[in-house]
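User: I would like to learn how to read the helices and strands of a structure. Could we go through one together, step by step?

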Amino acid sequence: MPKFHMLVTSRNYGCATWYRGEYFVYIPLHALDNGRAEYFDYYAIHEIAHIATYFHYNLIGHNEEFYSIFYSVCPPRYWFWEIDYKPLFAKLLKSAGYIITKEWHYGSWYKTKP
Ligand SMILES: [Zn+2]
């Protein structure tokens, strides 16, 4: 039976990794400490999407396969963090018909092309 571990790390960044049927998600302390539970949620979803990408596609990294999973599991209100983090996500959203504007900030909604 695979085991799944979610851990906090003192490093500045998170990661997802696996070894002999055990899966590890590391969330940086700053994602817990910043007083915004939503940011922790976003971080955890991002890292879990890496594990799901490995399950589904046997791939690692921030590629289109990763974003097909991230897109489907992450609430749109958290997407702006990913857009700030990885330009590929903004590019894929644009090609899916989204308009990325300055309104892509926390607490606002997203727009689609008419
Ligand atoms: Zn990542």
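Analyst: Let us begin with a definition: axes are lines fitted to C-alpha atoms, for helices over the stretch in contact, and angles run from 0 to 180 degrees between N-to-C directions. Please keep in mind that this is a predicted model.

User: At what angle do helix α2 and helix α3 pack, and how far apart are their axes?

Analyst: In general, two packed helices are described by the angle between their axes and the distance between the axes. Here helix α2, residues 37-57, and helix α3, residues 64-73, pack at an angle of about 125 degrees, and their axes are 9 Å apart. That angle makes α2 oblique to α3, and the crossing of the two helices is right-handed.

User: Which residues of α2 and α3 make the contact?

Analyst: On the α2 side the contact is made by Ile45, His46, Ala49, His50, Ala52, Thr53, His56 and Tyr57, while α3 contributes Glu65, Phe66, Ile69, Phe70 and Val73. Sorted by character, the residues of this contact of α2 with α3 divide into 8 nonpolar, 4 polar and 1 charged.

User: Now the strands: in what order do they form the sheet?

Analyst: The general idea is that strands of a sheet pair through backbone hydrogen bonds, either parallel or antiparallel. In this model 3 strands form an open sheet in the order β1-β3-β2, and the pairing is mixed. The edge strands are β1 and β2, each of which pairs on one side only, and the twist from one strand to the next averages 20 degrees. Helix α2 packs on this sheet, where it touches β2 and β3, and its direction makes about 155 degrees with that of β3.

User: How many bridges join β2 to β3, and do these strands run parallel or antiparallel?

Analyst: Strand β2, residues 15-19, is joined to strand β3, residues 22-28, by 5 bridges, and the two run antiparallel. Within this pair, threonine 17 stands opposite phenylalanine 24 of β3, and tyrosine 19 has glutamate 22 of β3 as its bridge partner. The two strands form a hairpin with 2 residues between them, and arginine 20 in the turn has a positive phi of about 50 degrees.

User: And how many bridges join β1 to β3?

Analyst: There are 7 bridges between β1 and β3, which run parallel; as one example, methionine 6 has valine 25 in β3 as its bridge partner. Strand β1, residues 3-9, is hardly covered, since the count of buried residues among its 7 residues is 0.

Methods:
Residues are numbered from 1 along each chain as its sequence is written. This is a predicted model: local features need pLDDT of at least 70, side-chain atom pairs count only at pLDDT 80 or more; totals for chains, interfaces and linings use all residues. Two strands pair if DSSP finds at least two bridges between them. Helices (H or I, at least four residues) and strands (E, at least two) are DSSP runs, numbered from the N terminus. A residue is buried if 20 or more other C-beta atoms lie within 10 Å of its own, exposed if 12 or fewer, and partly exposed in between; C-beta atoms are placed from the backbone. Angles under 35 degrees count as roughly parallel, over 145 as roughly antiparallel, 65 to 115 as roughly perpendicular and the rest as oblique. A crossing is left-handed if the near helix is turned anticlockwise from the far one by less than a right angle, and right-handed if clockwise. Two residues are in contact if their C-beta atoms, placed from the backbone, lie within 7 Å. Ala, Val, Leu, Ile, Met, Phe, Trp, Tyr, Cys and Pro count as nonpolar, Asp, Glu, Lys and Arg as charged, and the others, Gly among them, as polar.
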